[in-house]
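Please walk through the model below with attention to how its interior is packed and how its strands are arranged.

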Amino acid sequence: MERKGDELPILLAQDGPLNGRRWALRSSLIIGRENSCDVVIPERQVSRRHARVTLTPEGYLLEDLGSKNGTNWNGELLSEPVLLKDGDSFQIALAQYFTFLSSDATLPLEGDEYDILPQKTGRLRVDKRSHRVWIGDQEVLPPLSMSQFKMLEMLYDNQGRVVSRQKLIETIWGTDEAIHVTDQAMDAMVRRLRDRLSFMDADHDYIATVRGHGLRLDNPSE
């Protein structure tokens, strides 16, 4: 059932030693510490053969292979195989974070890599399908963490408008966890995102604080 080039979903690594790497999913992919695995995570807490993503008639199935430290899927410990949906995330022993991007959410591939910039809407550009960010013609590398990307994505989708801190917190941490997020945690997240963007463009502050209201993306035209 192997799919053809431009239909292949993508597995995107974030927040871990493989941060920024991408794999085009074909029939099956083994993740683990052992060198024979398709995706090798060089961390002791990762089992030799930790998890597997397999193409089935229903879609791509994620299963834990009896690992010692478990696999978390969308924030929950995986107890049985699950079908992956576009945007699903999973963590291998909390050592490596992955995002699954379905074929409907990907760009055409050149080998296993993307090589097309998103349509220009300002100096800063976000491609939500591949979870990539550019400032001018330079890509932000290593890629933003998933939390940083979610914040930027929300601001990018609401350019010209202020997004409340509460809305951003719910977007990043989820509605159920939002009540436990402190102002300090939110401020630290904003600071880290600002630092990543200023490293690429020190002359402009893309994240504007509107006191008493929230945040706004200041995205100048090129």
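Q14 is buried in this predicted model, and its relative accessible area of 0% lies under the 20% limit, which is why the residue is classed that way. Q14 belongs to strand β1, which spans residues 10–14, and its side chain reaches the backbone oxygen of L144 at a distance of 3.0 Å. Leaving aside residues up to four places away in sequence, the contacts of Q14 are N19, Q96, Y97, T99, H131, L144, S145 and M146.

Strand β1 is also part of an open sheet of six strands, arranged in the order β2-β1-β11-β10-β7-β8 with antiparallel pairing. The edges of this sheet are formed by β2 (22–24) and β8 (76–77), each of which pairs on one side only. At the β8 edge, two bridges join that strand to β7 (residues 71–73), the two running antiparallel, and N72 stands opposite L77 of β8.

L144, which Q14 touches, is likewise a contact of L152, whose other partners beyond four places in sequence are L124, V126, V133, L193, L197, I207 and L217. L152 is in turn one of the residues with the most contacts inside the largest nonpolar core, together with L124, M151 and I207, and this core has 27 residues in total. Two or more of its residues come from each of β12 (124–127), β13 (132–135), α1 (146–157), α2 (165–173), α4 (183–200) and β17 (214–217), with α1 giving the largest share, six residues. Apart from this core lies another, of 24 residues, which includes W23, I41, A51 and L62.

Technical notes: Residues numbered from 1 in each chain as written. Predicted model: local features only at pLDDT ≥ 70, side-chain atom pairs only at ≥ 80, totals over all residues. Heavy atoms only, no water. Core = buried A, V, L, I, M, F, W, Y, C linked by side-chain atoms within 4.5 Å. Buried < 20%, exposed > 50% of the residue type's maximum accessible area, 1.4 Å probe, protein only. Helix = DSSP H or I, 4+ residues; strand = E, 2+ residues; numbered from the N terminus. Contact = heavy atoms within 4.5 Å. Pairing = 2+ DSSP bridges. Polar contact = N/O pair within 3.5 Å; in protein donor to acceptor, adjacent residues only side chain to side chain.
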